[in-house]
Amino acid sequence: DGDAFLPSLSPDGRTLYFARRTGPGDIAIASAGPSGAASELYRLSGISGVAAAPDETSILVVGSDGGDLNAKLEWRVLGQDGRVITRGEGARFGTSWAPDSRSFAAFQSSASKEIVIQSLDGSSRTVVVTGNYQWIYGTHWLQKHDRILVVVRNEALESRILLVPPSGGPATEVAMPLRRWRALAVSDGALFVITQPTPSSDLVRFAFDPERGTVDPKGETLVAGIQASGLTVTRDGTRVVYTVSHQRSNLRMSDDATGSPWRELTRGTKLNKLPQFSPDGRSVAFLRIADQRELAIMPASGDDKDVTILSAPDEGIMSFAWSPDGAELAATVLGTNGKTTGLVRYPSKGGAAREIVTGISFTAEEDTLSWAPGQKLLARVAGNQNYARIDVDTGASSMALQAVDGWVFWAQSDRAGNLAVWRNDASREKRFGAWLLPSVGAPLELAEA
């Protein structure tokens, strides 16, 4: 029904457990057998994990009755009838069962450098995860081998795999043929990966030898061209379940500030998002996502038949900004190899596009670009929270915001090219703040929390 997520197959592959949104602030834990019919087991208001136990008698659920996953979280072990067998605090994310079904691995936050081994009797211990990385992103306790597979990411959001002894000790890195993926599941002899969407994803199987810590670089594509996220697999690797998103959205506009009446700008089955008015308000530019991430433009007085695609078929548009005079748009473009290739200028009336040659790789995220008067762009550099100020005509650049560690979570520009960002500074624990990056001058911290 489009509201199912966090799938977890039982080890024998005959039962699927998953979370399902049933209303605002209401999430049900459900199960489905071979017939496909789903039955509800339990309800709460916020959830971060579902995992079927190896002994096939219980289900681990991590969530919150208050709905706030940043606040108090509890783990609960449910019987197959939905009854709570035991519960406790401490685990938060990335839960995976130990082979004996008496404990599980988890982590408290992505920025931590350790995982928690939580026993069902309430006791727990921590295991330090050694290695050069920025965030922990997931755990998978290997059922036939005395290792915990930990997914970590660096500042460039490149994923790596570490094999960690549950008793502690040095981690062993596994060489993966991919640097980025959206989801990962582990069977006894294979890794199953949902690739990073560009714009669609593939489900790929890689042979995996946990004893040697090796992965066959020649993966087998099981399903191609999907919009998928969650992933689960049986221990023997014969059954795989992934969640599918059939995303579509359309743009609506109100001709006055009261918000009524609304008029449809776009119609159809494509995903239309991130609309931006031209400086004179007569045109709307937006992202249209179908087979590619396209830069689209249309008159504000028009409808879907008036849409013009400015970008080329092999270009994936990540973020864009209007020029102050409305004659052009600049965009960060993702190449067909999945890496950001740089900046491109598009005439808003159509015509030949021009690359802005900078020698810089920019981040492949949305809402991170602004165009200031005087032909200056502010764009986020790939791999960190640094912003560069770029001359649109020459490509010459200088740093507008520079920090050693951290990340930008949100950015928005005004029509004068000033950029507001919400960012953290990893060099100071739990330090988050709002910053203003003016089109001219030094950055200014506005608030800290």
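Let's start at an opening in the surface: the second largest pocket holds about 500 Å³ of space. Here a pocket is an open set of points on a 1 Å grid over the protein atoms alone, with protein on both sides within 12 Å along at least five of seven lines. The volume is the space filled by probe spheres set on the points, which are joined across faces, edges and corners. This is a predicted model, in which local features need pLDDT of at least 70 and side-chain atom pairs count only at pLDDT 80 or more, while totals for chains, interfaces and linings use all residues. Residues are numbered from 1 along each chain as its sequence is written, and side-chain values use heavy atoms, with hydrogens and water left out.

Who surrounds that pocket? Its lining consists of 22 residues (each with an atom within 4 Å of a point), and P275, Q276, Q412, S413 and D414 lie nearest the centre. At least two lining residues come from each of β26 (271-277), β30 (316-322), β34 (369-372) and β38 (407-413).

Those strands belong to a protein with 41 strands and zero helices. Both kinds of element are DSSP runs numbered from the N terminus: helices are H or I over at least four residues, strands E over at least two. Of the 449 residues, 49% are buried, meaning under 20% relative accessible area with a 1.4 Å probe, protein chains only.

Now follow one open sheet, where four antiparallel strands run in the order β9-β10-β11-β12. Strands count as paired if DSSP finds at least two bridges between them. At the edges are β9 (93-97) and β12 (124-128), each pairing on one side only. From one strand to the next, the twist averages 25°, taken between N-to-C directions of lines fitted to C-alpha atoms, on a scale from 0 to 180 degrees. Strand β10 (residues 103-107) is antiparallel to β9 and joined to β9 by three bridges; F93 has F107 in β10 as its bridge partner.

Further along the chain comes another open sheet of four antiparallel strands, β13-β14-β15-β16. Because β13 (135-141) and β16 (172-174) each have a single partner strand, one side of each is left without a neighbour in the sheet. The twist here averages 30° from one strand to the next. Inside the order, β14 (residues 148-153) and β15 (residues 159-164) pair in the antiparallel sense over six bridges, with L149 opposite L163 in β15.

How values were computed
Buried < 20%, exposed > 50% of the residue type's maximum accessible area, 1.4 Å probe, protein only. 1 Å grid on protein atoms, 1.4 Å probe; cavity = no way out; pocket = protein on both sides within 12 Å on 5 of 7 lines; lining within 4 Å.
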